[in-house]
Amino acid sequence: MAKSKRRFVCQECGSVSPRWQGQCADCGQWNTLVEDVPATVFSQKHDLSTGGRPVMFEPLNAPTQLPIRKSTGLAEFDRALGGGLVPGSAVLLGGDPGIGKSTLLLQCAATIARGGNDVVYVSGEEAAGQVRLRASRMGMIDAPIRLASETSVRDILTTLGNGEPPALLVIDSIQTMHSDTIEGAPGTVSQVRGCALELIRYAKESGCAVVLVGHVTKDGTIAGPRVLEHMVDVVMSFEGERSHQYRILRALKNRFGAVDEIGVFAMASEGLEEVANPSLLFLSGRETPLAGSAVFPALEGTRPVLVEIQALIVRLQSGATPRRAVVGWDSGRLAMLLAVLESRCGLNFSSAEVYLNIAGGYRLTDPAADLAVAAALVSALADRPLPDKTAWFGEVSLAGEIRPVAHAPLRMREAAKLGFARCYGPAGGATGSAGADYRGLAALANVVDQVMGSA
C-alpha cells in the first residue's frame, strides 16, 4: 500500500503545506501549522468508482413542500434569518468573546421551548450550573430546555438518536467539540470540520435546526478557518463594541433568504432587547449641529438606518507625518476620498491629521456613504457645521462626480420620518415626492460650495 502523504494545515488561514515550518507562508502567523490526519483510509484501499449504493435522482420540477419557518421569538433575529429558522438547517453564529452570543441563543431557546417545542442546549465551554445561573438572571429559569455540558459529538448524537429529534439544537461552541474518530485536539481544523460535518448530517436527516457558535480570530473572521462557512446554510456575525450597549446581528451567508438584512439589539441587565427603530439609536444626542458631523441614510437590506458620520481635522505645525484613523469605515476608501478632495476640489489635507468615526459602533459598507463622509470632512476642515436637518448620500467617483445609488426614495422617506427636511444626493437621483426636499449635486465641488456658503 502506498504511503499516505502528510500535510500540515494553518489554523489561521487554512493554507496547506507538505511539511511543517514555523511560519505560515500565506498569512505570516507563527506556530499555526498542525498536521491534518485523514479521517479514513478507504480511498487508499478501494476504487471509489464501484461498490457504492445506487443514488436516486429526481426531476427538477418534482412537487415538494416548502419548509415552514419557526420563529425564534425575537423579531430582529427572525429578520436577519430571513423570516425564522428553517427545519433541518445549520446556522453558524460568530462574534467576539463576550459580545452576547450565548445570551442571544439562550433567549431564543427559551422562547421556542416555551412554545411547546423540544430544545436541546449543549454547552462545551460552561458547566450546566453556569448556564442555569445566566438563565436565572435573565428570568428564563422556568423554560423547559434540555441542558447538558458535553464536548463529545459521539455522545451527543447517540443520546439524541434514542428519541424524537428536537426542534432546535444549540452547540456552544463548535471549537470545543471533539470526535474520537479524528486525531487532534479540539479546535483544530480537522476536529472542527469533522464535528461540524456530523452535526450537519444529523440536521439534514432528522429535520432538526442546528445552531453552531463559532469563535473568531483576532482579525474578526470566524475561526476554523473558513471551511465551516462553506458547510453550513447560514453564517451570521454578531457585531458591536463591548463598551457600547448596542449589538448588530448581520447575515453573511443565507441559503434561505437575503444576506443584507440586520437585526439590532441593546444589551440590558436581563439580556438582549430588540431595537425597533435603530435610526433613533444611532442619532441620539444631536441637539445642535456641529462642525464635522453629517447624517447618512444607510440601507441594510430593506431597512434604512440613519447614522451619524463624525470627522475631525487637526492641523500639524511641526511637519510630522499626519495620521489617518478610521473607526467603522474602510480606511482605503477614506484615502481615496481625500485624494479626490485634494485633486478635484483644491483642498489641502496633506498637513493635517484626519480622524473619522461612525457613531454608535456601527460599521458602514455602503458605497453611498461617500458623499456624507466628504461633507463631514469639508465641514471639519472649514470648521463650519452643515445645514441643520440635512442628510447626505451618493457615491463619489475618482473624477469627482456624484453617482446615483440604489433606493434613494426609501432613504429619503426614512430621513423625513425623523424630521430631516432636506436631502443632498446625486443630480437626478430622486424627487422631492419621497417626503423630503431633494437637492441634486453633480460634482464634489458643489459640496464644498454648499459648506462654504458660496452658492
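This passage describes the overall make-up of a predicted protein model, the packing of several of its helices, and a number of individual residues.

The protein has 455 residues, of which 47% count as buried, and its secondary structure comes to twelve helices and 21 strands. Among the contacts in the protein with a separation of 6 or more, 66% are accounted for by residues that lie 24 or more positions apart. The protein exposes about 22100 Å², and 51% of this area is supplied by carbon and sulfur atoms.

Helix packing is considered next. Two packed helices are described by the angle between their axes and the distance between the axes. Helix α9, which spans residues 331–345, and helix α10, which spans residues 370–382, have axes that come within 11 Å and cross at roughly 60°. The two helices α9 and α10 are therefore oblique to each other, since an angle of this kind falls outside the range of 65 to 115 degrees that counts as roughly perpendicular, and their crossing is right-handed. On the side of α9 the contact is made by Arg333, Leu334, Leu337, Leu338 and Leu341, and on the side of α10 by Asp370, Val373, Ala374, Leu377 and Val378. By class, the residues of this contact of α9 with α10 divide into eight nonpolar, no polar and two charged.

Helix α9 also packs against helix α12, which covers residues 444–452, at an angle of about 85° and with the axes 10 Å apart. That angle makes α9 roughly perpendicular to α12. The residues that make the contact are Val340, Leu341 and Cys345 of α9 together with Leu444, Ala445 and Val448 of α12, and they comprise six nonpolar, no polar and no charged residues. Leu341 of α9 thus takes part in the contact with α10 and also in the contact with α12.

Another helix pair is formed by α3, which spans residues 101–114, and helix α4, which spans residues 128–137. The two pack at an angle of about 70°, with their axes 11 Å apart, and that makes α3 roughly perpendicular to α4. Ser102, Thr103 and Leu106 of α3 meet Val131, Arg134 and Ala135 of α4 in this contact, whose residues divide into three nonpolar, two polar and one charged.

In the loop between α3 and β5 (119–123) lies Gly116, which is exposed, with a relative accessible area of 67%. Although Gly116 and Ala167 are 51 residues apart in sequence, the distance between them in space is 9.9 Å, taken from C-alpha to C-alpha.

Helix α6 (residues 189–206) contains Gln191, and Leu197 lies in helix α6 as well. Gln191 is buried, with a relative accessible area of 1%, whereas Leu197, at 41% relative accessibility, counts as partly exposed. When neighbours within four places in sequence are left aside, Gln191 is in contact with Met177, His178, Ser179, Ile182, Glu183, Gly184, Ala185 and Pro186. For Leu197, the C-alpha atom is separated by 7.5 Å from that of Met231, a residue 34 positions away along the chain.

The loop between β7 (168–172) and α6 holds Ser173, and a cis peptide bond, with omega about 5°, joins Ser173 to Asp172.

Backbone geometry also sets apart two residues with a positive phi. Asn31, which is not a glycine, has a positive phi of about 55° and lies in the loop between β2 (16–17) and β3 (33–35). At 59% relative accessibility, Asn31 counts as exposed. His407 likewise is not a glycine and has a positive phi of about 55°, and this residue is found in the loop between β19 (402–403) and α11 (408–417). At 48% relative accessibility, His407 counts as partly exposed.

Methods
Residues are numbered from 1 along each chain as its sequence is written. This is a predicted model: local features need pLDDT of at least 70, side-chain atom pairs count only at pLDDT 80 or more; totals for chains, interfaces and linings use all residues. Side-chain values use heavy atoms; hydrogens and water are left out. Axes are lines fitted to C-alpha atoms, for helices over the stretch in contact, and angles run from 0 to 180 degrees between N-to-C directions. Helices (H or I, at least four residues) and strands (E, at least two) are DSSP runs, numbered from the N terminus. Angles under 35 degrees count as roughly parallel, over 145 as roughly antiparallel, 65 to 115 as roughly perpendicular and the rest as oblique. A crossing is left-handed if the near helix is turned anticlockwise from the far one by less than a right angle, and right-handed if clockwise. Contact means heavy atoms within 4.5 Å. Ala, Val, Leu, Ile, Met, Phe, Trp, Tyr, Cys and Pro count as nonpolar, Asp, Glu, Lys and Arg as charged, and the others, Gly among them, as polar. Buried means under 20% relative accessible area, exposed over 50%, partly exposed in between (1.4 Å probe, protein chains only). Accessible areas come from the Shrake-Rupley method with a 1.4 Å probe; for residues, only the protein chains shown count as cover.
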